[in-house]
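Morning, everyone. I'll take you through one model today, starting with its pockets. Have a look at the screen.

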Amino acid sequence: MGTHNDKGSSDENVSQAKPSLGRTLRQFWIIAKAFLGSKSKRKARSFLAVLLPLSLAVGGVQVPLSYAGRDFMNDIALTRMV
């Protein structure tokens, strides 16, 4: 029968699955540089110009929704206390 150590330590799996922030940023920069410097850089820049405002809009909508959800849950909790 197998033991826990047959598949390796769980600590080793966690450290391999989670790269450092610096490594992730370097990989992102390499990919972004290749994409934005390619033959289709005009298309890439237009996608980026559309993606950034949409991302900010989603974040802007989530803030009021979180406040509304908080108020809703508070009202439910107060109603059950009475």
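The largest pocket has a volume of about 150 Å³. Keep in mind that this is a predicted model.

Which residues line the largest pocket? Phe28, Ile31, Ala32, Phe35 and Leu36 are among them. So are Ala44, Phe47, Leu48 and Leu51. Two elements give two or more residues to that lining: helix H2, residues 21–36, and helix H3, residues 41–81. H2 gives the most, with five residues. As for chemistry, the lining has nine nonpolar residues, no polar ones and no charged ones.

Now H2 itself. Its 16 residues reach 22 Å from first C-alpha to last. That is close to the 22 Å expected at 1.5 Å a residue. How many of the 16 residues in H2 are buried? The count is one, and H2 is hardly covered.

A general reminder on helices. An α-helix has 3.6 residues a turn, so residues three or four places apart point the same way.

Next, salt bridges. The count comes to one. The side chains of Arg70 and Asp71 meet in it, at 3.3 Å, N to O. Is this pair buried or exposed? Arg70 counts as partly exposed because its relative accessibility is 44%, between the 20% and 50% cut-offs. Asp71 is also partly exposed, at 37% relative accessible area.

Last, confidence. The protein chain has a mean pLDDT of 83, and 78% of its residues reach 70 or more. Confidence is highest in H3, at a mean of 92. Confidence is lowest in helix H1, residues 10–17, at a mean of 56.

That's my slot. Thanks.

Terms used. Residues numbered from 1 in each chain as written. Predicted model: local features only at pLDDT ≥ 70, side-chain atom pairs only at ≥ 80, totals over all residues. Heavy atoms only, no water. 1 Å grid on protein atoms, 1.4 Å probe; cavity = no way out; pocket = protein on both sides within 12 Å on 5 of 7 lines; lining within 4 Å. Points joined across faces, edges and corners; volume = space filled by probe spheres on them. Helix = DSSP H or I, 4+ residues; strand = E, 2+ residues; numbered from the N terminus. Nonpolar A, V, L, I, M, F, W, Y, C, P; charged D, E, K, R; others polar. pLDDT = per-residue confidence, 0-100. Expected span 1.5 Å × (residues − 1). Buried < 20%, exposed > 50% of the residue type's maximum accessible area, 1.4 Å probe, protein only. Salt bridge = Lys/Arg side-chain N within 4 Å of Asp/Glu carboxyl O.
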